[in-house]
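Colleague: I am new to this structure, and I would be grateful for a close look at a single part of it. Please pick one stretch and describe with care what lies around it.

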Amino acid sequence: MQKTLSESKRCSPITVKSLPVRSNHGPAALQSPSNRAEQRSCPQWRRANMALMELASLEKSLGFKKANKYSTQGNNKSVQFDPGGDRKSMQRDEEGRYLEMLQQTPILQSNKGAPLIGLVTIASHLVQEAAQPELLGRTAEQRAVVRQWLEYRVTQLDGCPKEDIRSILKELNQYLEDKVYLAGSDFTLADILLYYGVHHIMADLSVQEKEQHMNLSRWFDHIQHYPGIRQHLPLVVVLRNRLYTGGHH
Amino acid sequence: MKLFVSDGNPHCLKVLAVAELTGVKCDICHASDDERLVPFLSHPVRPVLLLPCGQHLFKANPICLYFLEVSGRDVCDLTSQWLEWEAAELQVYLTFHCVPAFDVHLFLVDKLQCVARWFEQVNALPVCQTVAQRVQQQKSLESLKRFLQKQPLPPARCRNAPLCNRAEEDAEREMTDEEIQAAGATWSRGLADRPTPAERRHPILPQEGKRNVLITSALPYVNNVPHLGNIIGCVLSADVFARYGRLRGWNALFVCGTDEYGTATENKAREEGLSPQEICDKYHAVHASIYKWFQIDFDHFGRTTTEKQTEIAQDIFWRLYDRGFLIPDTVDQLHCENCQRFLADRFVEGICPNCRYPEARGDQCDKCGRLINAVELKDPQCKVCKRTPVVRSSAHLFLDLPKLESQLEQWLEQSMSTGNWTSNARHITRSWLRDGLKPRCITRDLRWGTPVPHPDFSGKVFYVWFDAPIGYLSITASYTDEWEKWWKNPEKVELYNFMAKDNVPFHSVVFPCSLLGAQDNYTLVSNLIATEYLNYEDTKFSKSRGVGVFGDMAKDTDIPSDVWRFYLLYLRPEGQDSAFSWADMALKNNSELLNNLGNFINRAGMFASKFFEGRVPQMELQQEDKRLLAQVGFELRQYIQLLDRVRIRDALKCILNISRHGNQYIQVNEPWKKIKGGDEDRLRAGTVTGVSVNVACLLSAMLRPYMPAVSATIREQLCAPANCADAMFQGAGSFVCTLPAGHRIGTISPLFQKLEAEQIESLKRRFGGQQVSARRFSFLGGLPTSANPERAKQLLQEVAEQGDRVRALKAQKAEKTLITAEVAKLLQLKKQLAAAEGKNPEPSPQKGKKK
């Protein structure tokens, strides 16, 4: 029933130029000099990796044969990303700091015009390129819902302070109570990006906490098993049977 | 379609602008900012668009784009890019708050050469003007800007604010004249001739006409050394409440003990080469000494491996059995033919069927965390003899929870509505009931447990979760033969259970079902107090990784037990998780204890002893003094109200508020200057000193549940009468003059010590996962870091032998290099020995050889 994403139409890779980050036009010019990133303890390149890794994974899911190259912006120097490199260090050695992680804004320069900036924008663009517009929603309403959750991902979820994670989990859990996917009954880009976004949180939850957020866990497990989606991320174990017996020993 | 907006909200502005621009028809409703419109969001947001399909859109940009789309306009990549940037970057900056209102006109992006020009252009568009007017009635850009700057940050960004400012806010409360006069009147009532409270006499039994409060804290499992989270979660919280109850004159009994049965004990015993009973004896003593150090004042600290436990558990079992609440069923289990036993839970290891981890246990895989049915393990192995077990079916008994469900619900409704249940306890319990109860297996094929008395199930024991809560009863029974006066007396006894939230379902559902089913008029829990989790410096406490402070280490930190208690209670995870942090502990010690509380009490006492020959001076109260009395009285009543509702952390703030008021009072009145003045000034200095000393005396009483040693020291220093706490804690609480003029006080000395930054840094290093690397190192070098008596013994022997060898070489005048090499070996061994004895493996500084 589920069509593997990569089975659908393949498309040619986009040629890429590297982008001088501080361009004189576009959002970069408006950015405040006191960059958020500098206030965080996490090394910059690693933060950048988060978003870029996701985009690389998304490309694979969408069936791009050749990876695009990306850079990021946010600080004085641009960071190039090599999708094969240093994944290991991304893993749990930084558990704590994961939570503080803020994303650096990724940039994609295609040969068709101005560079595209921003995770959601690039991801939506990639979906269009891959000729799978249904991933952005089938109706105007659905598209609005998808956009809303994409924005939720970058505004609420990313860089969310540790003490707010619970309320986010709660919100998502409650929202998903009567839904298979974020946009109702269709799998969309919102599911993919939100899955990437909550992965590090889910990976840190105890069995019991996952059980408390049953709807979210169910959705998460579903998405991570959706063909072609998981890519670079490790599988998070979600139990299907309720236990809550191991509370004591 | 309905669009909900609120006044002055810039996000609403842009939505309205787009609605205007596109002409999309929708009902616009004004709703106040704090009304929650989207059911699943935890904070109210605006704007909200209710779509025809019933879904809510709660983000302004998607709403805008939706309007654009339904009105037939294209949304290009560039538009979406700008909106993303606006949402993710721009809204973060407060100073830019006036901009998002207008960035909807993204079709103008190509004209954007400089912000100002764009802004003007956009602002000049009629559509914006109309909308801006509609939202806030003012056209001028400047006023809009000012208006917006006054707006609170959007909720998503201002949530870092401290949680509970209630106490501080109330502290600033203005006192009315009546309150001030009343406080003065109360004060002058004095101690009168209140009888000295009676000493606690064991055994404590319920008394007619008294409030009989039975307090339990979750039984700690015997083979784990408790960490700070365990301590604050149950025993320390329960201790504060029990001490408070005694102070209030309630007839309180506080029992606890170690939970000792179960597979974990059996395995631990095998590892250490002891019998399970010996293991329990050993660790029970460890627990008892830790709690003693933390000054946990149990009326009785017992254990579950007693005759009484067997007796009471079996009695409850038979009652349940006779009334048909136990149902037999067979379960497939692994059986080791060689050891002649079923391999429950942790007695079997094999390959995890899910992740192929080779050392998965019979109940759960350590690698993937999944719960496993032991028969599903691939290549299972008996943990004892390493042979392959066979599958056999085994009969077990299940507690029929579904049959008891309606009774349970009825009782829960009554208990929750009259008693004190923390919201997490209510919530967890409700969610269990909502999901429907299922029969729960209460027997196990084990040896170390309470035997099941039924002949058909001989050789089996009770499952710990059936057994352990019965420990409360049996521990009370070991304390007094008349235990039934507490446990079968629901009309006269109020039962308070303290625990961390993971224990809630067993106390609110499973155990009450056992007792309800047994139909023996048991006392059921009326107040269930559950804490959230305490983390350690942003991570979890972890024994295996050596992260965090464990009960037995706290005393090695040279920080007094009272300070530990204070800090743990200060951040007691009430309502939400909290985190232990060394830096914060030092800060709280230095600012709250030393500079605030300690400073006030010390000053008050010092003035009395220095200026008034150690006597409480004559006092003549003026309005200002009475105002302080009113403020203090208010905090005292707050404190009592909060503690009556077991809000332990919040009540602690009241104490700190009082000393803050006191410090201010002294600061403003400057008794140290006035003492040098004329008669009137001297009287004023006397009054201020006298009032302050009395406030200090009140503080000693209020501190008693939290910091018993400090409280006792203050009382001693002030020579406070024994009945003073009793007098002030009556009813709603009243602040009376307990140290009248002429009262002689003792020697005053400082109560607290500063925690220095270096000290804290070194403690942080010592407990903060440095142990992890040490442990890894030990893996390579065979250097155990945690205390290991076996190894220590062996090493002691080796050190002695090596020492002999070195001495022999020296005696033979062997080559220097040879001697050096052997000495190095000796030092290495000594280091290992120190580690094995649990001492710091740092080598002690080399002593000079020359004498």
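Modeller: What follows takes one strand of chain B, then its partners, and then a residue elsewhere in the chain. The model is predicted, with local features needing pLDDT of at least 70 and side-chain atom pairs counting only at pLDDT 80 or more, while totals for chains, interfaces and linings use all residues. Residues are numbered from 1 along each chain as its sequence is written, chains are lettered from A and ligands numbered from 1 in the order in which they are written, and side-chain values use heavy atoms, leaving out hydrogens and water.

The part I have chosen is strand β6(B), which spans residues 251–258; strands (E, at least two residues) and helices (H or I, at least four) are DSSP runs, numbered from the N terminus. This strand is mostly covered, with 8 of its 8 residues buried, where buried means under 20% relative accessible area, exposed over 50% and partly exposed in between, for a 1.4 Å probe and protein chains only. The cover reaches both faces of β6(B): on one side Asn251(B), Leu253(B), Val255(B) and Gly257(B) are buried, and on the other Ala252(B), Phe254(B), Cys256(B) and Thr258(B) are too.

β6(B) has partners in the chain, and two strands are taken to pair if DSSP finds at least two bridges between them. With β5(B), residues 212–217, β6(B) runs parallel and is joined by 5 bridges, and within this pairing Leu253(B) is the bridge partner of Leu214(B). With β7(B), residues 300–303, the pairing is likewise in the parallel sense, over 4 bridges, and here Gly257(B) has Gly302(B) as its bridge partner.

Helix α9 of chain B, residues 228–247, joins β5(B) and β6(B) in a right-handed β-α-β unit, a handedness in which, with the strands pointing away from the viewer, the path from the first strand over the helix to the second runs clockwise.

To end, consider Asn497(B), which lies in strand β17(B), residues 493–500. Because its relative accessibility is 3%, Asn497(B) counts as buried. Its side chain makes a polar contact of 2.7 Å with that of Thr216(B); such a contact is a pair of N or O atoms within 3.5 Å, where within protein one must be able to donate a hydrogen and the other to accept it, and residues adjacent in sequence count only if both atoms are side-chain atoms. Leaving aside residues up to four places away in sequence, Asn497(B) touches Thr216(B), His507(B), Val525(B), Asn527(B), Leu528(B) and Ile529(B), contact meaning heavy atoms within 4.5 Å.
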